[in-house]
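Have the model open in your viewer, with the sequence panel alongside. This tour moves from one selection to the next and says what to find at each stop.

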Amino acid sequence: EEVDEILEKLGELLSANAVIQGDIVIRNTGDLLVVEDLIGTEDDDPLVTIQGNVLVDVAAGDSLAGAPFLERVQAVMGKLKIVQGTVTVTTAATTDLPELMYVAGDVHYTQNTGGSAATPKLRTINGTFRISGGGIFAYSQLANAAGVEITETSTITHIDFGGITGTGKVTTGTDSLVLANATIVRVGGVLPSVVTLAKCVDFDSTYSGAAQTETTIDIDGANAAFDIGSTKFTGAVTITTTGDISIPNVTSVGAVHLNTTAGAVNVSGLTKFTAAATISATTVNVDGWVSNTDTVTLIGVTAVSAPALTTLNGDFVGASVTVFDAQELATTTGTIDTAAGLTLHLKSMDASVPSATVLDWATMTTLKVFGQKGTSALDVSAAASLTTLGYIGAEITAKAAGAQSNSLSLTASNTKLTTLTLGGYLGSLTASATKLTTVDTSGAFIVTTSFTSNADL
C-alpha cells in the first residue's frame, strides 16, 4: 500500500513537471521520431504541457496516414494536455486530441473525414477555434473561446457549441451562421447578425450572459423547435421559423419581429415594447406585457390575454383578433384595432369618444369593464352591435347619496343589447327603449335607477 501511494505521488510529480519547451511539429516520419523522443506514449507516461505551438499535418497518401505511423501520431496527440501557443491539425484520417484541455492561442482543426468531437475535454481557447469538415461537430464542453469559425459547411448535419459562456460568436462567414443541411444546431455566445438554417428542426441559443444585438434568424426545418436564452434584445431582431418560438426569458426588446407559420410564440417575460413589434403566429403568450410606446401588431392570432397590461401608449393592431382580454388596462392614448365581432375586456374605458380608441367599437359584440372610473359617463350609444355588457364601477368616495358621479345610459340605439350585468358603484343607470332581456344587479351599488319602455325585459 505504501509503495502504491509513493508511485501515485511520483506520477503526480511527473505530470506536474512534464513540460516541453518549444514547438511540436509532425509532418513526416522524421518529425514523428523526434517528437517520440520528447513525449512518452506508454499508458503510464504523463500528459504534457507544450510551451510553444503544435503542428500536425497528415496528408492523404502520406506514410503518416497509414498503419503503423497513424497510430503512433495518435498516441502522441493523446498525451497533449495544455498548449501555451496555437494548435494546428490538418489530417486526412480520423484523429483526435482526447486529453487536450487548454490552448492559449488559436486552434485550427481540419479533418477531411469530419464527424466527431476531436477534442472532448477542451474547455478553454483564448483565441479562435477554426474547424473544417463534415458530419457532427459536438463540443458542448467548450466554455470559452474568442469565436468559432466553421468552413466547408455543406456536409455538416449537427453542431453543438452550447457551452460557450463568453461573447464569442459561432460563425460560418462574416458575422453569419449559414448551414444548408444541419438539422440540429445548439450554440452559445451572442448570435451573429444573420442565422440561416434551411433544414434545422431543433435550434437552441443557450447564452444568456449578454444582450442580443441586431440579428435575423431563419429556422426552416419542418415543425422546428426554437429557443433562445438571451434576456435582452438591444438591436432589431427578426425570427422566422416553422414551429414554436419560445423566448420567455426575454424581458426587454427594441424592434422585434417574430414569424412562425404553424406554431405558437411565447414572450411571457417581456414587459414593455419600446419599438415597433410584429408577431405572426397561431397563438401568443404575452402574460408579462405591461406597456408599449410603439405599435404592437399581431397576425393570425384570434385571442389575446394580457393580464398585466396597464398602459397602451402605442397602438395595438390585430386584424384577426376577436377576443382582447386586458382587465387591468385603463385605455389612454393608444388605439385598439381588431376584427369585427370583438369581445373586449378592460379595466376602464376612459376615452370621451370610445370609437376613437376602439376602432371596431361599432362592430364589437361584448364589452366588460372591471373598474370603470367614476368621474364620467360611459357612452355605448355608438356600439350598435353590442349584445352583452358587463359593468363594474369603481368607488370614488364612501357610499352616500350623490357621491358617485359616473353614469351609464342605454337607449334605443343599442338595438342588439340583450344582456346587462352590473357590479361595483354607479351614480346613475338609465335604460330606455332597449332590447334588454336580462339585467343582473347583484352586488351593485346604484344611486339612481330608471327603466323605461324595455318591452323585452
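Select D227 and S246 first. In this predicted model, S246 of β21 is the bridge partner of D227. The strands involved are β19 and β21 (residues 245–246), which pair in the parallel sense over two bridges.

Stay on β19, residues 225–228, and show its side chains. F226 and I228 point to one face and are buried. A225 and D227 point to the other face and are not buried. Such alternation between the two faces of the sheet is what side chains do in a regular strand.

Now go to the other neighbour, β17. Select residues 202–205: this strand runs parallel to β19, and four bridges join the two. Pick D202 to see one of these pairings; its bridge partner in β19 is A225.

**The four-strand sheet**

Next, colour β22, β25, β28 and β31. In that order they form an open sheet with parallel pairing. Which strands stand at the edges? They are β22 (252–253) and β31 (311–312). Each has a single partner strand, so one side of each is left without a neighbour in the sheet.

Zoom in on the middle of the order. β25 (residues 272–273) and β28 (residues 291–292) run parallel and are joined by two bridges. Select F273, then look across to β28: N292 stands opposite.

**The nine-strand sheet**

Widen the selection to a second open sheet. Its nine strands follow the order β14-β16-β18-β20-β23-β26-β29-β32-β34, again with parallel pairing. The edge strands are β14 (176–179) and β34 (336–337), each pairing on one side only.

Finish this stop at the β34 end. β32 (residues 316–318) pairs with β34 in the parallel sense, over two bridges. Select V317; D337 in β34 is its bridge partner.

**Two single residues**

Jump to E149. This residue lies in strand β11, residues 144–151. Is E149 buried or exposed? Its relative accessibility is 35%. With buried set at under 20% and exposed at over 50%, E149 counts as partly exposed. Show its contacts: beyond the neighbours within four places in sequence, E149 touches T128, F129, R130, I131 and T171. Then draw a C-alpha to C-alpha distance to T172. The two residues are 23 apart in sequence and 5.6 Å apart in space.

Move to A59, in the loop between β4 (54–58) and α3 (69–77). A59 is partly exposed too, at a relative accessible area of 37%. Leaving out residues up to four places away in sequence, A59 touches A65 and A92. Add N28 to the selection: 31 residues along the chain separate it from A59, and their C-alpha atoms are 9.4 Å apart.

**Zoom out**

Show the whole chain. It has four helices and 42 strands. Its C-alpha atoms fill a box of roughly 110 × 50 × 35 Å along the principal axes. The radius of gyration is 34 Å, whereas a compact globule of 457 residues would have one near 23 Å.

Switch on the surface. The chain exposes about 18900 Å², with carbon and sulfur atoms supplying 53% of it. Buried residues make up 43% of the 457. Among contacts between residues at least 6 apart in sequence, 21% join residues at least 24 apart.

Last, colour by charge. There are 19 positive and 43 negative side chains, and the centres of the two sets lie 10 Å apart.

Notes:
Residues numbered from 1 in each chain as written. Predicted model: local features only at pLDDT ≥ 70, side-chain atom pairs only at ≥ 80, totals over all residues. Heavy atoms only, no water. Rg over C-alpha atoms; globule rule 2.2 N^0.38 Å. Buried < 20%, exposed > 50% of the residue type's maximum accessible area, 1.4 Å probe, protein only. Contact = heavy atoms within 4.5 Å. Areas by Shrake-Rupley, 256 points an atom, 1.4 Å probe, with all protein chains shown as cover. Lys, Arg positive; Asp, Glu negative; His and termini not counted. Charge placed at Lys NZ, Arg CZ, Asp CG, Glu CD. Pairing = 2+ DSSP bridges.
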